Amino acid sequence: QVQLVESGGGLVQAGGSLRLSCAASGSRFSINAMGWYRQAPGKQRELVATIRSGGNTNYADSVKGRFTISRDNAKNTMYLQMNSLKPEDTAVYYCNCNAYLSSGGYNRDYWGQGTQVTVSS
């Protein structure tokens, strides 16, 4: 099993910045890819950004140029630096991890509990 713990959400004014963190822990696992998703009230959960073990990244068009995803592989921790925040970025942000479990010999997805990001106008 893999546990994901997110931190760094909060309230910020439009134009401000926040940095989210997601730490993965567990035993006998390796991470294939990690990502951030968000869900605003009344909307479906959507992809924000992903990063693979080799460092390849992918961003939603709505955050390109403003958000940066990164990983510290040694710490099994992922970050999302969010700059130039807009009110429409307000959502619960979820950490996702696709991990290989050596104990079972299979891949599995895990989700964090979510962290609220609120951007005021």
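**Salt bridges and a lone arginine**

Okay, let's start with the charges: R38, E46, R66 and D89 are tied together in a network of salt bridges, a salt bridge being a side-chain nitrogen of Lys or Arg within 4 Å of a carboxyl oxygen of Asp or Glu. Before I go on, this is a predicted model, where local features need pLDDT of at least 70 and side-chain atom pairs count only at pLDDT 80 or more, while totals for chains, interfaces and linings use all residues. Residues are numbered from 1 along each chain as its sequence is written, and side-chain values use heavy atoms, with hydrogens and water left out.

By that salt-bridge rule, the count is four. Take R38 and E46: their side chains meet with N to O at 2.7 Å. R38 is buried at 6% relative accessibility, and E46 is partly exposed at 37%. For those words, buried is under 20% relative accessible area, exposed is over 50%, and partly exposed is in between, with a 1.4 Å probe and protein chains only.

R38 also has a salt bridge to D89, with the closest N and O atoms 3.0 Å apart. That pair links distant parts of the chain, 51 residues apart: R38 sits in strand 4 (residues 29–39), and D89 is in the loop between strand 8 (77–82) and strand 9 (91–101). Strands here are DSSP runs of E, at least two residues, numbered from the N terminus. Both R38 and D89 are buried.

Then there's D61 with K64, closest N and O at 3.1 Å. D61 is exposed at 65% relative accessibility, and K64 is partly exposed at 48%.

Now, what about R71, over in strand 7? R71 is buried yet has no salt bridge, and the nearest side chain of opposite charge, D72, is 8.4 Å away. On charge, Lys and Arg count as positive, Asp and Glu as negative, and His and the chain ends are not counted.

So which polar contact does the R71 side chain make with another side chain? That's with N73, at 3.0 Å. A polar contact is a pair of N or O atoms within 3.5 Å; within protein, one must be able to donate a hydrogen and the other to accept it, and residues adjacent in sequence count only if both atoms are side-chain atoms. The backbone oxygen of R52 also lies 3.4 Å from a polar atom of the R71 side chain.

Leaving aside neighbours within four places in sequence, R71 has contacts including I31, M34, I51 and M78, where contact means heavy atoms within 4.5 Å.

How values were computed: Helices (H or I, at least four residues) and strands (E, at least two) are DSSP runs, numbered from the N terminus.
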